[in-house]
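Reader: I have this model open at the bench and would like a close look at one part. Could you start from the charged side chains at the surface and work your way in to a single strand and its surroundings?

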Amino acid sequence: MKRFKPMLVALGLFTAISSVTAGGALANENWIANSKSSIQSVKTSFNFDITSNIESSQFEVAEGESIKVTVVQWFKNSNATGKPKVIYKLFNINSNDEKGSKVIEGTYTNTNTSFVFPNLKKGKYYIKIINGSNSAVAGNGYVE
């Protein structure tokens, strides 16, 4: 019986550790799966440091889909006056027609701002990012 008790304690301890590890692995796998689904919802992302304009990468849109654009922006030169003004224009690559635009005025560094282009036709699109300020503007964003 003296030999049997230590073996039971060791077996119980092994089972407890295995359960905790398995539970941790499952939680970790769920976190990875949730992160992948969040990442997969981003259609494109962009960075800019512009005095004139730049275009995002192309991305696909399903019929009737609305896209949400989230951005941060600021003046590149800390001595610039006024507020950064950036125009975000959505274009269909096949027709090269502008499908909408949004002017964002202000500095967004500690927070972001978002806007939506609703009910789009199926196709490939890109966003043209235009500096509407008198000084260089920098920033980044993503489309989902």
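Author: Happy to. Let's begin with K89, which is partly exposed, with a relative accessible area of 25%; partly exposed is the range between buried (under 20%) and exposed (over 50%), using a 1.4 Å probe and protein chains only. Before going on, please keep in mind that this is a predicted model, in which local features need pLDDT of at least 70 and side-chain atom pairs count only at pLDDT 80 or more, while totals for chains, interfaces and linings use all residues. Residues are numbered from 1 along each chain as its sequence is written, and side-chain values use heavy atoms, leaving out hydrogens and water.

K89 has a charged partner: its side chain meets that of E98 in a salt bridge, at 3.6 Å from N to O. A salt bridge here is a side-chain nitrogen of Lys or Arg within 4 Å of a carboxyl oxygen of Asp or Glu. E98 is partly exposed as well, at 39%. The whole structure holds 4 salt bridges, and two others are worth a visit.

One of them joins E65 and K43, with 3.0 Å between N and O. E65 sits in the loop between β3 (59-61) and β4, and K43 in the loop between α1 (4-40) and β1 (44-50), so this pair links parts that are 22 residues apart in sequence. Both ends are partly exposed: E65 has a relative accessible area of 22%, and K43 has 28%.

Another joins E60 and K124, whose closest N and O atoms are 3.9 Å apart. E60 belongs to strand β3 and K124 to strand β8 (residues 123-131), so the tie spans 64 residues of sequence. E60 is partly exposed at 46%, and K124 is partly exposed at 35%.

Now to the wider fold, and then the strand. The protein has 1 helix and 9 strands; these are DSSP runs, helices being H or I of at least four residues and strands E of at least two, numbered from the N terminus. Within this set, 4 strands form an open antiparallel sheet in the order β1-β9-β4-β7. β1 and β7 (108-117) are the edge strands, each pairing on one side only. From one strand to the next the twist averages 20 degrees, where axes are lines fitted to C-alpha atoms (for helices, over the stretch in contact) and angles run from 0 to 180 degrees between N-to-C directions.

The strand to focus on is β4, residues 67-75, which holds T70. It pairs with β7 in the antiparallel sense over 6 bridges; two strands count as paired if DSSP finds at least two bridges between them. Across this pairing, V71 stands opposite T113 in β7.

Let's walk along β4 residue by residue. K68 lies in this strand and is partly exposed at 36% relative accessibility. Its C-alpha atom is 5.7 Å from that of F115, although the two are 47 residues apart along the chain. Beyond residues up to four places away in sequence, K68 touches S114, F115, V116, Y142, V143 and E144; touching, or contact, means heavy atoms within 4.5 Å.

V69 touches F46, T113, S114, F115, F117, I127, Y142 and V143, again not counting residues up to four places away. V69 is also one of three residues, with I67 and Y88, that touch the most other members of the 21-residue largest nonpolar core. Such a core is a set of buried Ala, Val, Leu, Ile, Met, Phe, Trp, Tyr and Cys residues joined through side-chain atoms within 4.5 Å. β4 supplies the largest share of this core, 4 residues. In soluble globular proteins, nonpolar side chains tend to be buried together.

T70 is buried, at 3% relative accessibility. The T70 side chain makes a polar contact of 2.8 Å with that of S114. A polar contact is a pair of N or O atoms within 3.5 Å; within protein, one must be able to donate a hydrogen and the other to accept it, and residues adjacent in sequence count only if both atoms are side-chain atoms. Leaving out neighbours within four places, T70 is in contact with N112, T113, S114, N140, G141, Y142 and E144.
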